[in-house]
Amino acid sequence: MPGSAASGTAATPGAAGWATAGSGPPGKPGRRERPDRRPGAAPARRGRHGGWTPWLYLAPALVALGALLVYPVYQLGLISFLEYTQAQVSGGEPTSFRGLGNYADLFRDPQFWQVLLATVLFAAACVVTTLAVGCALAVLLTRVRAVPRLTLMLAALGAWATPAVTGSTVWVFLFDPDYGPVNRVFGLGDFSWTYGRLSAFALVLFEVVWCSFPFVMVTVYAGIRAIPSEVLEAAALDGASQWRTWRSVTAPVLRPILLVVTIQSVIWDFKVFTQIYVMTNGGGIAGQNLVLNVYAYQKAFASSQYSLGSAIGVVMLLILLAVTLVHLRIVRRQGEEL
């Protein structure tokens, strides 16, 4: 009986293998065939078929993105290589191809480099201030009770939900030299915030931070709440201060979140338009508060140099694309998963 059982057991895999393979006897004696060859092929076909399934679900979104993003970018780049002014728009003159001529004119313009430098410095100040305020308030939310936390969250979300035009108009009224309450409270008299270059940029910075910090605050607060309480308790038992705990424990854990909010803040603040245009009346006195977005608008619509305005838009796109690629490279080097 043991011998019969052993032989039956030994014969079963071969029979099963040939039954599964659906082929005849082996061609050579002693050659071992893989009984799982065909079963392994079916999942491979399913994998290839399943590889197209996600794209089918994504197809409507990709078509929408292509219509709303890819085609406008294509038109922007195309116009930047043409001679396209009001004469071409009205049909008075034919459209001609200039190649890199618009970019050459742009890079020879000293005002472009001044505006680019002002845009970079202004965006950097906005990003740093927004991150500082948002992170500080996120930590504060973890220290206060439920009612103050809910009040602060509602106030922040209200600022976040306010349209940029509405918020800019309100801030201009608050700092108005004649009727604004800020000058009266601080005894500034008839000081005009929008007259000086630095004071106007500071006023716009206040408004940009006011409408941007809620995103950073809510995102960082959610990340802090996800940190195990045992880690923070261990840091407190070791005698670490709140600043030391943030720098050595909380910030390293929140590094992926901080990278995301930083790159998004850079993109948002680099292409600020509404706040500058509304609060400085189109770029300030003699264009002293111009940023690239407003500068492109003036060139394209105020001066009817649509090709030159498109070239500025392409330069902005390339700068932001470079910043995004650098951000992704840093994330990849650090091995973070976003």
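Where is the place of W246? In this predicted model, W246 sits in helix α11. The residue counts as buried because its relative accessibility comes to 16%, and the cut-off for buried is under 20%. Setting aside neighbours within four places in sequence, W246 is in contact with C135, V139, V220, I224, A251, P252 and L254. One of these partners, V139, is 107 residues away in sequence, yet the C-alpha atoms of W246 and V139 are just 8.8 Å apart in space.

Helix α11 spans residues 242-253 and packs against helix α10, residues 229-237. The angle for the pair is about 145°, and the axes are 11 Å apart. As for handedness, α10 passes α11 in a right-handed crossing. On the α10 side the contact is made by V231, L232 and A235, and on the α11 side by T245, V249 and T250. Sorted by class, that gives four nonpolar residues, two polar ones and no charged ones.

Zooming out, the chain has 15 helices and two strands. Of its 338 residues, 31% count as buried. Taking contacts between residues at least 6 apart in sequence, 65% join residues at least 24 apart. The chain exposes about 20700 Å², with carbon and sulfur atoms supplying 66% of that area.

Now for the nonpolar cores. The largest has 36 residues, and the members touching the most others are L106, F112, F122, F270, I276, L292 and Y295. Several helices feed into this core with at least two residues each: α4 (101-108), α5 (110-141), α9 (197-225), α13 (274-279), α14 (292-302) and α15 (306-334). L292 makes a handy example from that list of well-connected members. Not counting residues up to four places away in sequence, L292 touches F112, V115, L116, T119, F270, I312 and M316. Two of those partners, F112 and F270, also appear among the members that touch the most others. A second core, separate from the largest, holds 21 residues, including L137, L141, V220 and A251. Of these, V220 and A251 turn up again as contacts of W246.

Finally, there is S265, which lies in helix α12 (residues 255-270). S265 is buried because its relative accessible area is 3%, and the cut-off is under 20%. With neighbours within four places in sequence left aside, S265 is in contact with V127, L131 and V216.

Conventions: Residues are numbered from 1 along each chain as its sequence is written. This is a predicted model: local features need pLDDT of at least 70, side-chain atom pairs count only at pLDDT 80 or more; totals for chains, interfaces and linings use all residues. Side-chain values use heavy atoms; hydrogens and water are left out. Axes are lines fitted to C-alpha atoms, for helices over the stretch in contact, and angles run from 0 to 180 degrees between N-to-C directions. Helices (H or I, at least four residues) and strands (E, at least two) are DSSP runs, numbered from the N terminus. A crossing is left-handed if the near helix is turned anticlockwise from the far one by less than a right angle, and right-handed if clockwise. Contact means heavy atoms within 4.5 Å. Ala, Val, Leu, Ile, Met, Phe, Trp, Tyr, Cys and Pro count as nonpolar, Asp, Glu, Lys and Arg as charged, and the others, Gly among them, as polar. A nonpolar core is a set of buried Ala, Val, Leu, Ile, Met, Phe, Trp, Tyr and Cys residues joined through side-chain atoms within 4.5 Å. Buried means under 20% relative accessible area, exposed over 50%, partly exposed in between (1.4 Å probe, protein chains only). Accessible areas come from the Shrake-Rupley method with a 1.4 Å probe; for residues, only the protein chains shown count as cover.
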